[in-house]
Each structure stands twice: as C-alpha cells, then as structure tokens.
Amino acid sequence: MTAASTSPHRIVFLDRDSLIATVRPPAFAHGWAEYPHTRGSEQTVARLQGATIAITNKVPLRAAELAQLPKLQMIAVAATGTDILDLAACRARGIIVANIRDYARATVPEHTLALMLALRRQLVAYRADVEAGLWQASDRFCLFGHPIRDLAGSRLGLLGYGALGKSVAQLGRAFGMHVIVHNRSPIADDGVQEVGFDELLATSDVLSLHLPLTDKTRHIIGEQELARMQPTSLLINTARGGLVDEAALAQALTNGVIAGAGFDVLSQEPPPPDNPLLNLRLPNFILTPHTAWASGEAMQKLADILIGNIEAFERGAPVNVVA
C-alpha cells in the first residue's frame, strides 16, 4: 500500500535472528510480526497471510509462494543478494523488491584480506604445529616447514568489480599488490588493470570472487578454470558459494592444483554433512560460516537501510529497487 492507502501495512520479518542489530519501527502506522527463523514453503506462506510487506534475509520466496500471497506488495530483502527470490514472478505480480546496498564496504573486504593473509602467512598450519608441540621441540628459535609468501608484490585478481570488489582492490593496493580485474562492464579506475578471463586465471597470485550468483555465473570456477590457475595461487570466495564447483575445488586442493583457498560461503547454507568442502582438514583451506558481512557496524547499517527502504516504499518513492 502507498501513503494514500487507508489501512496500515502489515509487516512480517521471516528470519529476525539473521540480523543482530536494533531494528527501529518504521515511521508510519503498521502492524509488525517477526519470527526467529522460518523453514519450508508451508510455514512461509502461513506466516505471510495478510502481509503487505515481507522482510527476508535468506527465506526463499518463489512463484508458488507468491501466488498464495495476494496482499503482498513489497519484499524488503535484508541482504544484497536476491537469488532467494523469483524476481520475474515479483514483477508479474507488481511486487516491489528492494535490497541492501553499500553496507558491507568495510567488513567483507576486511574478511577477504584476512583470508588472504592467513593463507599466505600459513597461520593455520603453524598454529597446528604449535599445538602439536613442534615448536617446543625445535632446535631453532623459530619453526620452518610451511612456505610463507608476502602479499606485497603479488598479483591480486578480482572477478567482478562492484562496490566490494573496488574496496578489496583498495586494500590490496595498500598492501602493495598489483590489481587486475575481469568485469562484465568496462572499468577506468587508476591503479587497476583490466584483463581477459583467461589472463585473470593464469596470472593471479590471489583470485578473489565478487560476483552475484546467476545462471550465467554458477560454477564459473570449475575443474577447467582451476587447472588454468597457477599451482601457487589462492582462491578466495566471500561472495556466493554456487560460483565454484565445490567438488572440483576439493579435488584441486587435495591434489595441489592450487596452493589454497579461503571461503566464507557454500552452495547450500547451512551446509549438509556431505558437502565436499565441509570436512576438508587441510592447512591450506579455511572455511568460515558466512560471517564476512556480519560485523556489528555493518549489521546495524543494514538494519537502518532496511527500514529506510520500507519507509521509502510507503511514501510512494521506493529506493534500492531490484524488481
């Protein structure tokens, strides 16, 4: 409903526990319901009956669910990615979709650099050595055994160059890295070299992914792409799990095709026990549970933008519109 409507909006937050932040009430008359989490299509539809605005972070809303929600007018996504939604069905039904932008320009790039540093400095391997008593038994003041490489002077390859890719490039340059980029649209940033996809794979010392997940980008890194990377290269993914063929990556790490990988995302979250990356116990692989976005500062900014999106929609001037 717009500002001219006579009835208040009913707003339902389907997965409130996905956001550890203060969510202020929208500044207009409304009803509010929230649930810690929502699982399954049946529960989703039941909770959204009568709702005019749905808030979801990771609860899917596909055509089948939308067809059962005739009063729904807006979906406020509490995230940037919208692959959980059937955007075509939203457009067909006249449902406005708004997402969150530019809230994670510090937290995701910092996490990305942390994964790079941990892998290049062999932090996981050396910590395991200390815990195993190898340093204590050493005949030298320090312990060798895992080759350490600097970020300075190495080549940082970015696949995708949106707001987060640009911030990672800025941090990479601060560490003395040479930044190369392959992007769908032309770029013209100083200090960044645009290259083809093949060159990006073949020459990056660290390859970091910053793409949305679409039908065209799913498994954009698979067995063939991994084989074209250098055996000393690292692969970093803080974007979407489905960008990488996880079985192919597990094989590549096990067989030394690439030197290591740092991931914050998997193709299914939470992951099933048989995910090929979940049970890797290799010192050259770091997996974090989708926390790159989740600094306190970033989550609060997200919450503020979320309510701002809803208020803009209610005024009849929606912002951050995806569909």
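These legends go with close-up views of a predicted model.

**View A. Arginine 24 and glutamate 311 join up in a salt bridge.**
Here the two side chains come to 2.7 Å, N to O. The partners sit far apart along the chain: arginine 24 belongs to the loop between β1 (9-13) and β2 (30-34), while glutamate 311 is part of helix α10 (residues 296-314), and 287 residues separate them. Their surroundings are worth a look too. Arginine 24 has a relative accessible area of 35%, so we call it partly exposed. Glutamate 311 comes in at 11%, which means it counts as buried, because the cut-off for that is under 20%. Across the whole structure, the search turns up 9 salt bridges, and the next two views show others from that search.

**View B. Arginine 155 reaches glutamate 199 in another salt bridge.**
The closest N and O atoms of this pair are 3.8 Å apart. Arginine 155 is in strand β6 (residues 155-159) and glutamate 199 is in helix α7 (residues 197-203), so the bridge ties a strand to a helix across 44 residues of sequence. Glutamate 199 is partly exposed, with 34% relative accessibility.

**View C. Arginine 140 pairs with aspartate 139.**
This salt bridge has an N to O distance of 4.0 Å. How open is each partner? Aspartate 139 has a relative accessible area of 70% and is exposed. Arginine 140, at 44%, counts as partly exposed.

**View D. Helix α10 and the glycine that comes after it.**
If you want to check the helix with a ruler, its end C-alpha atoms are 28 Å apart. With 19 residues at 1.5 Å a residue, α10 should span 27 Å, so the two values agree. Following the helix is glycine 316, which has a positive phi, near 90°. Glutamate 311, the acidic partner from View A, also lies in this helix.

**View E. Phenylalanine 263 and phenylalanine 285 make an aromatic pair.**
The count for the structure is 1 aromatic pair, and this view shows it. The ring centres are 6.2 Å apart and the planes meet at 55°, so the pair is tilted. Phenylalanine 263 comes from strand β11 and phenylalanine 285 from strand β12, with their positions 22 residues apart in sequence. Are these rings buried or exposed? Phenylalanine 263 is buried, at 0% relative accessible area, and phenylalanine 285 is buried as well, at 8%.

**View F. Asparagine 284 sits in the loop between β11 and β12.**
That loop runs between β11 (260-263) and β12 (285-287). Asparagine 284 has 17% relative accessibility, so it counts as buried. What does its side chain meet? A polar atom of that side chain lies 3.0 Å from the backbone oxygen of alanine 259. Leaving out residues up to four places away in sequence, asparagine 284 touches Leu119, Leu253, Ile258, Ala259, Gly260 and Ala261.

**View G. Two buried cysteines, cysteine 90 and cysteine 142.**
Cysteine 90 is at 0% relative accessibility and is therefore buried. Cysteine 142 has 18%, so it is buried too, given that the cut-off is under 20%. How many disulfides does the structure hold? The number is 0.

Terms used: Residues are numbered from 1 along each chain as its sequence is written. This is a predicted model: local features need pLDDT of at least 70, side-chain atom pairs count only at pLDDT 80 or more; totals for chains, interfaces and linings use all residues. Side-chain values use heavy atoms; hydrogens and water are left out. A disulfide is a pair of cysteine sulfur atoms within 2.5 Å. Buried means under 20% relative accessible area, exposed over 50%, partly exposed in between (1.4 Å probe, protein chains only). Helices (H or I, at least four residues) and strands (E, at least two) are DSSP runs, numbered from the N terminus. A polar contact is a pair of N or O atoms within 3.5 Å; within protein, one must be able to donate a hydrogen and the other to accept it, and residues adjacent in sequence count only if both atoms are side-chain atoms. Contact means heavy atoms within 4.5 Å. The expected span of a helix is 1.5 Å times one less than its number of residues. Rings of Phe, Tyr and Trp (its six-membered ring) pair if their centres lie within 6.5 Å; planes under 30 degrees apart count as stacked, over 60 as edge-to-face and the rest as tilted.
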